[in-house]
Amino acid sequence: MHRRTALAALACLANTAVQAQARAHGVGKPFRFGVTDVFLHDGAIHLWQAFLQAQLGLPVQIIQKSSYQEALEALRSDEMEAAWICGYPYVVARSFVRLCAQPGWHGQPWYQSYLITSASRTQAHSLVDLKGDVFAFDDPLSNSGYVVPVVALRSLNETPQRFFRGTFYTYSLHKVVEAVGSGLADSGTVDGYIWEVLQLRRSAAALKTRIVAKSRRYGFPPVVTRKNLDFGLHFQLQKALLDARKSAEGRMLLSSLDLENFLLPQESWFEGIGELAEILDGTHPPIPLREIYETA
């Protein structure tokens with residue numbers, strides 16, 4: 001067969017597959033993709049929509065949730081087909097969601113939780129130095145923004161209520177940085193990816209903060225689908241994400257998020273978060289602080 005004819009045949013087969021998938025999902029029914037505060041700006045939402053619509057051949061609705069709990073409830077109740085969530089919500093929701101793709105930050109599936117404080121507070125070098133602070137958490141289901149420091153306090157036989165003078169939730173990793181940068185909080189906990197990108201973009205709030213300690217590496221927040229989603233649609237989304245660098249829409253999306261690519265996820269990448277979850281629910285004994293924060 002002539003090469004041009006063969007390529008045309010392959011394109012026709014691909015289009016046929018996409019059309020069949022659209023029929024299976026329901027003609028005209030939007031593919032609903034959930035996002036939370038992992039995103040750095042609203043523009044990324046439109047880029048997600050343009051990319052997914054081009055790749056899935058379906059209308060796409062982006063649903064923004066204000067907390068991880070809301071995102072999980074939407075997946076459990078079939079309100080959304082897929083979502084980009086944090087690693088800890090994935091671990092606690094394994095019974096009804098499955099891994100689809102892993103964003104690659106610097107091409108790797110890992111990130112760290114950072115303890116941060118004011119840039120002028122140069123004497124704080126570990127979690128212990130933050131005792132008595134007003135402390136900003138992100139979300140009760142955030143690994144970097146809640147679970148890591150709370151499990152670390154277990155190592156000191158402490159709780160947030162006893163250790164800190166006061167605590168509050170921002171329900172946004174960016175707002176944790178803003179709270180610390182503005183002095184509303186003395187210190188806080190944030191996803192290292194978010195803090196590094198804000199620093200790269202010369203965020204005024206981020207420039208007023210410094211890192212106190214970095215955690216060990218954990219699985220980067222993954223893209224998941226609900227388990228009862230049609231396998232064909234799951235794999236179509238997965239292929240679209242893994243091939244994101246091959247399309248203009250995909251490259252624009254990755255660039256806006258300061259990510260290099262999407263990776264095929266592995267369960268083993270979330271073993272560290274699984275251990276933290278067991279410590280949090282009391283089924284695993286506390287581990288030494290030095291095994292949680294590399295520089296604590």
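**Note on the predicted model: sheet, helices and core**

1. Strands β4 and β12 run antiparallel and are joined by 4 bridges. Within this pairing, Arg98 has Thr225 of β12 as its bridge partner. The coordinates discussed here come from a predicted model.

2. On its other side, β12 meets β3. Strand β3 covers residues 82–84 and β12 covers residues 223–226; the two run antiparallel, with 3 bridges between them. Two of the facing pairs can be named: Ala83 is opposite Val224, and Trp84 is opposite Val223.

3. Which way do the residues of β12 point? Val223 and Thr225 point one way, while Val224 and Arg226 point the other way. This fits a general rule: in a regular strand the side chains alternate between the two faces of the sheet. All four of these β12 residues, Arg226 included, are buried.

4. These strands belong to an open sheet of 6 strands, in the order β2-β1-β3-β12-β4-β13, with mixed pairing. The edges are β2 (60–64) and β13 (261–263), each of which pairs on one side only. Neighbouring strands are turned against each other by 25 degrees on average, ignoring direction.

5. Two helices that lie across the sheet deserve a look. Helix α2, residues 43–56, lies across β1 (31–35), β2, β3 and β13, and runs at about 150 degrees to β2. Helix α10, residues 231–242, lies across β1, β3, β4 (97–104), β12 and β13; the angle between α10 and β4 is about 5 degrees.

6. Met80 sits in the loop between α3 (68–76) and β3. Is Met80 buried or exposed? Met80 has a relative accessible area of 0%, so it counts as buried. Leaving aside residues up to four places away in sequence, Met80 touches Arg32, Phe33, Gly34, Ile63, Ala71, Ala74, Leu75 and Arg226. Of these contacts, Ile63 is 17 residues from Met80 in sequence, and their C-alpha atoms are 7.9 Å apart.

7. Why is helix α8 described as largely enclosed by the rest of the structure? The helix spans residues 192–200, and 7 of its 9 residues are buried, so little of it is left uncovered. The buried residues are Gly192, Tyr193, Ile194, Trp195, Val197, Leu198 and Gln199.

8. Both ends of α8 have a detail to check. At the start, a side-chain oxygen of Asp191 comes to within 2.7 Å of the backbone nitrogen of Tyr193. After the helix comes Arg202, which has a positive phi, near 60 degrees.

9. The largest nonpolar core contains 97 residues. Phe31, Phe33, Trp48 and Leu127 have the most contacts inside this core. Helix α5 (residues 143–155) gives the most to the core, with 7 residues.

10. On confidence, the mean pLDDT of the protein chain is 91, and 89% of the residues reach 70 or more. The stretch 6–14 is a weak spot, with pLDDT below 50 and, beyond near neighbours in sequence, 1 contact in the model. Where pLDDT is low, the predicted coordinates should not be read in detail.

Definitions and conventions. Residues are numbered from 1 along each chain as its sequence is written. This is a predicted model: local features need pLDDT of at least 70, side-chain atom pairs count only at pLDDT 80 or more; totals for chains, interfaces and linings use all residues. Side-chain values use heavy atoms; hydrogens and water are left out. Two strands pair if DSSP finds at least two bridges between them. Axes are lines fitted to C-alpha atoms, for helices over the stretch in contact, and angles run from 0 to 180 degrees between N-to-C directions. Contact means heavy atoms within 4.5 Å. Buried means under 20% relative accessible area, exposed over 50%, partly exposed in between (1.4 Å probe, protein chains only). A polar contact is a pair of N or O atoms within 3.5 Å; within protein, one must be able to donate a hydrogen and the other to accept it, and residues adjacent in sequence count only if both atoms are side-chain atoms. A nonpolar core is a set of buried Ala, Val, Leu, Ile, Met, Phe, Trp, Tyr and Cys residues joined through side-chain atoms within 4.5 Å. pLDDT is the predictor's confidence in each residue, from 0 to 100.
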